[in-house]
Every structure is written in C-alpha cells, then in structure tokens.
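Hi everyone, thanks for coming. I've got one structure to walk you through today, so have a look at it while I talk.

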There are 2 protein chains.
Amino acid sequence: MGTQETKERILDAAERLFAEQGFAGTSMRAITTAAGANLAAVNYHFGSKESLIDAVFTRRIRPINEERLEWLDRLEAEGDPSVEQIVEAFLAPPLRVSQDPVEGQSLLHVAQMIGHATSRPDSRIKEMLVHQFDTIIERFTRALSRQLPEVNHAQLLWRFLFMVGSMAHTMAISKDIKGYTRGLCDPNDVDGLIDAMVPFVAAGFRAPVPVGDSK
Amino acid sequence: MGTQETKERILDAAERLFAEQGFAGTSMRAITTAAGANLAAVNYHFGSKESLIDAVFTRRIRPINEERLEWLDRLEAEGDPSVEQIVEAFLAPPLRVSQDPVEGQSLLHVAQMIGHATSRPDSRIKEMLVHQFDTIIERFTRALSRQLPEVNHAQLLWRFLFMVGSMAHTMAISKDIKGYTRGLCDPNDVDGLIDAMVPFVAAGFRAPVPVGDSK
DNA sequence: GTACGATTTAAACAAACGTTTGAATCAGGA
DNA sequence: TCCTGATTCAAACGTTTGTTTAAATCGTAC
C-alpha cells in the first residue's frame, strides 16, 4: 500500500534536523535530502515549511499532553496525589517519549525540538503552545493548589513557569549536557534525570512564599 | 570625535532585534536600518554577522558574570553564605541588568537575548557559553556544595542546570509571560520575580537526594 | 589648503532560501 | 488496455540572505 510513506519519512527527518539545527537553521533541501524525497515533496504534502513545523510539533505534543492528563486522571482516581506525583505526571511524558525504543539509546530529538520551540521568538508557535497547554496548565495548577493551599495563585504560576523552564532548557541542551558537566550528568539516563528533576521541582513548589506576597 | 558612535548604535539595535526576533530571524538590513547606518557598516565594524552576535552577547554577559563573582566574593568575605544568598548572587545580576534605567520600565532585551542564546542550536555560541561560564560554574557549585554536603556532585550539577533553565526560560519568554498567566505574573517587576525565583530554586537545591544515588 | 586615514555610501555580488511549475511516473479500477 | 487521480521529479522562479567592492565623504593633522 505505502500509506503516506514519504510523508512519514519527511516528518522523521525534519524532527531530527529541527532538533539538531533548529527551525531556521534547517532548510527544505536538507530535510528532503535526508528523507530521500524530492525537494517539492514538503510543499506537496504539507503546503509550506511553517505548516511542516506545525505538523512535526503537533505529532508529538498532542500524545504527550494526552498522556499527562491521563496520568493525572489516574492519580486523582486513586486518591489525592502528592506534589511529587503531580510533578512527575507533568515531567515524565515528554522525557519518556524521547527514548528511542528501537535503538535502545535515547536520541532525545523530540525533547530537543520541544526545548527549541518553547524559546522560539516566533509568535505563531507561541500561540499554538498557549492553546495546546491551556487545559494542561489549568488542570495541573488546580491539582497542585489543592496540595499547596498556602501558595497563592500568582506564586503557583511563577513556579509552574520555573518548572517548565527547567524541563525545556534541560531538553534543549540535552545533547551538550555531558560537555557542560564533564560527563558527570548523563541525559540519556531518562529515569535518572526524572529522579533528579522531580525532587528539585517538588521542593521548589513546597517552598515558603516570599514575605509581603500574601495575596 | 564621535567615538564609535555608529558601532554603539549597531550594538543597541542588534540587541533589541535579536531579543525580539532571534538571531536567525534578524537580518543585517534590519539591524543597519534600525541603527540608521549603512548596510555595509556591520561588516566594516565587526567583520561578519556572527562576530556581531558575539560582540552583542559578550558586551552584556561579561559584566554580568563579573558582578556575579563580586557578589559571591562579598558574601564569602562576610561569612559563609546561605543557599538563598548564593542563588540570589547568581540570578539577580542578569535580571537586574535588564532594567532600563532611562525608561524606568524593564525592557528585558538583554534577558530575552540571553534566553535565546542558551537554547541555540549553534555550537559556536555554545562553546563561548561554556567558556564564559567555566569559572562561574566552578565557584558557585563549590559554594553551594559547602552548604549542601549531603548532595553529591552529579546531583548538584543537575540542580545547577535546572536553575539555569528556570532563569533562561523565564527570560526568553518574559515578553509573553503576561499572556501565559493572564496578567497575574508581571515580568517587569524584577524584584518580585527574584523574590519568587530564589526561594523556589533554593528549596530545590535543599531537596533530599533521590534514593539509590548515594555515591 | 592639502593630503591622508577612517568612515560612509550606493551598488552589485554569488549563494541559499522557500515556492511553483509542468511533465514524467506510478497505482488501481473500469 | 486505457483512463484517472495521486505522487514524484528536474528545473526554474523570484526573493532574500551575508558579503564585497570601489568611489564618495568626512575629520583631522600638517
């Protein structure tokens, strides 16, 4: 049959190149060459480079956000979840999806791409992100607020932002973490990374609110 | 005389445009037009666009890192600083330098630019960052390790990375924070931002290390 | 005033970019 | 076999990119 074989190859190649070289740094020619397709294939299948970026991004972020919500649903069905559990439900899905089940090693392409996208100057992607994360932010801040009644809403949003920052930045530079830390930190050990990140973020959420900011 | 007047104007314009549109998204023509200079001025004064990026970045990051080290020196001269104090010495300088003393409001161009730079795919800037932060990382991790003897070195590096991520990401998207948080968080209130960020990060540093990671 | 290095200017450069075109090729049903 | 729609292909499109060039202009010391 060959159901959209070229389309899939383009998405895979674009995802890898976007992760490695960023969106602006990746040309249509580089994508189609890596995908073994003709230059015009992207415009034929996706319409434009911008639409391709959307497609590459949405293909990954939607399942990630669905898994986040399912994870949180499961936790709340079992009782009232701890801050650590809520944080893990937010952080683990995007990190786990980066593990290549075929190669065994973690390529982290998805993670790097998401990291780049979150700090992109382009406003179009920003709007997409805001929309994609609308439900996520509401559900997770509400769950966290239940466990942290002494943290007002503004402070909770700040801390949520700091968590996203820790995650996104770690993802974005994951390829170079070994260089930064002289090999001491291994970004391919996803479970170890989650085990390091969850306590850090959870403790941050539990921190006493600054004085003079009572609400 | 006109001591390098054009050169300064180009640096200012480039900094603003880099912050607003990223490095790849800003053309030489946009920079020189905004600076009121001729197109060839950048190549004449800086050699190339890449060198201009270096110049724009270095002009800001060097004083920031110097202030970080001076701040830490001062703290250590007064006694042994708390985690909160060390964290503040790292976070405050890049956030404060963003405040425009003339306009009164915080334009945060520097912060945004730094945020973009830290998640840049380009390896050249990465090397520059690693080199610029070499001393910083060593001094600050050593100071933190003295207050946190139960946190092993690998975990400390992870947490340092998470701190940088929170900072860089907040800087990168500072322009859109009000949109993300429906106006509840104001990135122009730099003191309030620091007051929110320092307790979060400090609590993260103090968090108990994950089990099975004793070293 | 004249000469000279520093700077600015307009113009053009080659290269790379995303996109479009129209013919060639493919697959499957009538 | 022929037809039809989907896909692929090589080629070219018009822009935009960063950079270079050579002449024009400026500022200053002689």
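I'll start with one chain, then go to the pair, then to the DNA, and finish with two residues.

Just so you know, what you're looking at is a predicted model.

Okay, chain A. What is its secondary structure made of? Chain A has 10 helices and 0 strands. If you walk along from the N terminus, you just meet one α after another. How much of the chain is buried? Out of 215 residues in chain A, 53% count as buried. And here's something about how the chain folds back on itself: take the contacts in chain A between residues at least 6 apart in sequence, and 72% of them join residues at least 24 apart.

Now let's put the two chains together. You can lay chain A on chain B with an RMSD of 0.1 Å, using a turn of 180° and a shift of 0.0 Å along the axis. So the two copies are related as by a two-fold rotation axis.

How many residues does each chain bring to the contact? It's 51 from chain A and 51 from chain B. In chain A, the residues that lose the most area to chain B are A:W158, A:F162 and A:F200, and together they make up 18% of what that side buries. As for the area buried between chain A and chain B, we're at about 4200 Å², and carbon and sulfur atoms give 74% of that. Why can we say the copies meet through the same surface? Because 100% of the interface residues of chain A are also interface residues in chain B.

On to the DNA. Which residues come nearest to DNA strand C? There are 16 residues around strand C, and the nearest are A:M28, A:R29, A:K49, B:T6 and B:H45. On the DNA side, sugar and phosphate account for 50% of the strand C atoms that come within 4 Å of the protein.

Let's zoom in on some phosphate oxygens of strand C. One lies 2.3 Å from a polar side-chain atom of B:T6. With A:K49, the side chain again does the job, placing an N or O atom 2.8 Å from a phosphate oxygen of strand C. With A:M28, it's a backbone N or O atom that lies 2.8 Å from a phosphate oxygen of that strand.

Both chains have helices here: α2 (28-34) of chain A and α3 (41-46) of chain B each supply at least two residues of the surface near strand C. By class, that surface has 5 nonpolar, 8 polar and 3 charged residues.

Last bit: two residues, one from helix α4 of each chain. Is A:I61 buried or exposed? It's buried, because its relative accessible area is 2% and the cut-off for buried is under 20%. Leaving out neighbours within four places in sequence, A:I61 is in contact with A:I114, A:Q132 and A:F133. Its C-alpha is also 9.0 Å from that of A:V110, which sits 49 residues apart from A:I61 along the chain.

Then there's B:E76, at 27% relative accessibility, so this one counts as partly exposed. Not counting residues up to four places away in sequence, B:E76 touches B:P81, B:R139, B:A143 and B:R146. With one of those, B:R139, B:E76 makes a side-chain to side-chain polar contact of 3.0 Å.

That's my tour, thanks for listening!

Note on methods
Residues are numbered from 1 along each chain as its sequence is written. Chains are lettered from A and ligands numbered from 1 in the order in which they are written. This is a predicted model: local features need pLDDT of at least 70, side-chain atom pairs count only at pLDDT 80 or more; totals for chains, interfaces and linings use all residues. Side-chain values use heavy atoms; hydrogens and water are left out. Helices (H or I, at least four residues) and strands (E, at least two) are DSSP runs, numbered from the N terminus. Buried means under 20% relative accessible area, exposed over 50%, partly exposed in between (1.4 Å probe, protein chains only). Contact means heavy atoms within 4.5 Å. A polar contact is a pair of N or O atoms within 3.5 Å; within protein, one must be able to donate a hydrogen and the other to accept it, and residues adjacent in sequence count only if both atoms are side-chain atoms. Copies are superposed by least squares on the C-alpha atoms of residues with pLDDT of at least 70 in both. A residue is near a molecule or strand if one of its heavy atoms lies within 4 Å of it. Ala, Val, Leu, Ile, Met, Phe, Trp, Tyr, Cys and Pro count as nonpolar, Asp, Glu, Lys and Arg as charged, and the others, Gly among them, as polar. Buried area is the accessible area (1.4 Å probe) that two parts lose on being put together, summed over both.
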